[in-house]
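Morning, everyone. I have one structure to walk you through today. Please have it open in front of you.

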Amino acid sequence: MAAYTVATPLCTWLMAACMYSNGGYGGSNGGKKKTSSSFLRSKKKRGCSSSSMELKCRNNRRSNRALHSGRVMAVAVEPSVEVTTKKKPVTKQRRVVVTGMGVVSPLGHEIDIFYNNLLEGVSGISEIEAFDCATYPTRIAGEIKSFSTEGWVAPKLSKRMDKFMLYMLTAGKKALSDGGITDELMNEIDKTKCGVLIGSAMGGMKVFHDALEALRISYKKMNPFCVPFATTNMGSAMLAMDLGWMGPNYSISTACATSNFCILNAANHIIRGEADLMLCGGSDATIIPIGLGGFVACRALSQRNNDPTKASRPWDANRDGFVMGEGAGVLLLEELDHALNRGAEIYAEFLGGSFTCDAYHMTEPHPEGVGVALCIEKALAEAGLAKEEINYVNAHATSTPTGDLKEYQALVRCFGDNPELKINSSKSMTGHLLGAAGAVEAIATVQAIRTGWLHPNINLENPDKGVDANLLVGPTKERYNVRAALSNSFGFGGQNSSIIFAPYE
């Protein structure tokens, strides 16, 4: 190949001369190159029926191909010309801030109540009351005992929708209300630049389960909305329909990392200029027989039935599995100038985040935590932060024997011996809200920034071997000035996600 790429000026001249004689850059056709289509038209007009004419046509086709290939070679050996391209004008980076939050959780359905319960170390874990689970080895959960959609969801829809959708719509509208999006303002904002991205790990399991039970009798007994109300995207869609928001609208389902994936993608829509306002987060409601039974079959749940409030104990040596929870968390993300122009209260700034995959096992974390460490490092790079600038981590820590330790080791690997680093896990009190966990914990993270208080790790009586208790928040709340906070969420399939918030300055 090297012989063809280096040519003398004489070779270049000879090639150009040959091409000129064949009509490549002029000649008998008046300087116009005969294209393949014009050649075919002339062939059709004259015809090529006889063998001699066919031979002539074939020769002409070969000449035509040689003509084109020769032209390419001639260009290749011409002296290089410096190409100047117009550079894109430098544009100001669009910043993303949190201006509203809504929550439905085992610890309360108002932001202040929810976070105050966290600060006081109140456990939301109790015996399951929604159905008879006496025969199950696990009979406890972070179950929502009292919940009303009044004033948030139309009564007709409340009767038909799965609870994961009811939680989602309620939390979403509460986030709007908390963010000061009034009816008057709704009429003024550009709804084509407003989107909804709220996901679910499990979707409408109750609606689907009820449909199967009805099918045992007849398909005619099935809820006609069972299919749409079971899909994970329908909560976002219904909320957008209710609000008339026409911007990005979809859901992401990445198991227990769902919320963080939704939050980061929502922020990216704002950064790219595709939206000014985004409702984002996650919702799940799986405390039903099939949900409990499925996780029991996985051998993932705690069986500390006689002492429910002590069951979820991240990093404690006596942890025996996670505790299921349910609920929803929704954040209102907004482009900074848009928020300032309407006089919104800014709770915190979203700085960035990242996703990775362990590519190792369906349910077990990578034994060396490489996927988690990579995710955190990429999140820091995306946020433009040095590792020393993170001084608070709301960990994924679910109270499982392997997962807690691997995440802790990854955090130590990433942040070293930072004496200012503090780590806690909201799941010690809420249980594991599956696809909603990341959003509810993002709300806890933002509240830590707003209030200057970190909630405790309850039930941490005997830290696991290799865990430095000095890095973990103790059994009571701690006063703390959060400079930058990392919130982790991981899910089945090796899904890793990290998002970063900081005070708005």
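Among contacts in the chain between residues at least 6 apart in sequence, what percentage join residues at least 24 apart? The figure is 80%. Keep in mind that this is a predicted model.

Now the overall inventory. The chain has 505 residues, and 51% of them count as buried. It contains 18 helices and 14 strands.

Let's start with the sheet. It is open, and 10 strands form it. Read the order with me: 5-4-6-7-1-8-14-13-9-10. The pairing is mixed. Which strands stand at the edges? They are strand 5, residues 249-250, and strand 10, residues 422-424. Each has a single partner strand, so one side of each has no neighbour in the sheet.

A quick reminder on pairing in general. Strands of a sheet pair through backbone hydrogen bonds, and they can run parallel or antiparallel. We have both here, so let me take the pairs in turn.

Go to strand 14, residues 495-502. Seven of its eight residues are buried, so the rest of the structure largely encloses this strand. On one pairing, eight bridges join strand 14 to strand 8, residues 348-357, and the two run antiparallel. Look for Cys 357: its bridge partner in strand 14 is Gln 495. On another pairing, strand 14 meets strand 13 through seven bridges, again antiparallel. There, Phe 501 of strand 14 stands opposite Ala 485.

Strands 13 and 14 also make a hairpin, with three residues between the strands. Find Gly 493 in that hairpin. Its phi is positive, near 95°.

Stay with strand 13, residues 485-491. How many bridges join it to strand 9, residues 392-394? Three, and this time the strands run parallel. Tyr 392 has Ala 485 as its bridge partner in strand 13. We met Ala 485 a moment ago, opposite Phe 501.

One more residue in strand 13: Ser 487. Is Ser 487 buried or exposed? Its relative accessible area is 0%, so it is buried. Leaving aside residues up to four places away in sequence, Ser 487 touches a set that includes Asn 394, Ser 497, Ser 498 and Ile 499. Asn 260, Glu 441, Ala 442 and Thr 445 are also among its contacts.

Over to the other end of the sheet order. Helix 11, residues 234-243, lies across strand 4, strand 5 and strand 6. It runs at about 155° to strand 4, which covers residues 194-199. After helix 11 comes a loop leading to strand 5, and Met 246 lies in that loop. Is Met 246 buried or exposed? The cut-off for exposed is over 50% relative accessible area. Met 246 has 63% relative accessibility, so it counts as exposed. Even so, Met 246 has contacts beyond its sequence neighbours: it touches Lys 191, Thr 192 and Cys 194. The C-alpha atoms of Met 246 and Asp 190 are separated by 9.1 Å, with the two residues 56 apart along the chain.

Next, helix 9, residues 205-215. Its buried residues are Met 205, Val 207, Ala 211 and Ala 214. What covers them? The cover includes helix 6, helix 10 and helix 13. And recall that an α-helix has 3.6 residues a turn, so residues three or four places apart point the same way.

Now the spaces. The largest pocket holds about 710 Å³. Its lining has 37 residues, and those nearest the centre are Thr 363, Pro 365, Thr 398, Thr 400 and Phe 492. Helix 13, helix 16 and strand 13 each give two or more residues to that lining. Which element gives the most? Helix 16, with four residues. By class, the pocket lining has 16 nonpolar, 14 polar and seven charged residues.

Then there is one cavity of 30 Å³ or more. The largest cavity has a volume of about 40 Å³. The residues that line it are Asp 162, Lys 163, Lys 206, Ala 285, Thr 286, Ile 287, Ile 288 and Glu 326. By class, the cavity lining has three nonpolar, one polar and four charged residues.

That's my tour. Questions, please.

Notes:
Residues numbered from 1 in each chain as written. Predicted model: local features only at pLDDT ≥ 70, side-chain atom pairs only at ≥ 80, totals over all residues. Heavy atoms only, no water. Pairing = 2+ DSSP bridges. Contact = heavy atoms within 4.5 Å. Axes fitted to C-alpha atoms, helices over the stretch in contact; angles between N-to-C directions. Buried < 20%, exposed > 50% of the residue type's maximum accessible area, 1.4 Å probe, protein only. 1 Å grid on protein atoms, 1.4 Å probe; cavity = no way out; pocket = protein on both sides within 12 Å on 5 of 7 lines; lining within 4 Å. Points joined across faces, edges and corners; volume = space filled by probe spheres on them. Nonpolar A, V, L, I, M, F, W, Y, C, P; charged D, E, K, R; others polar.
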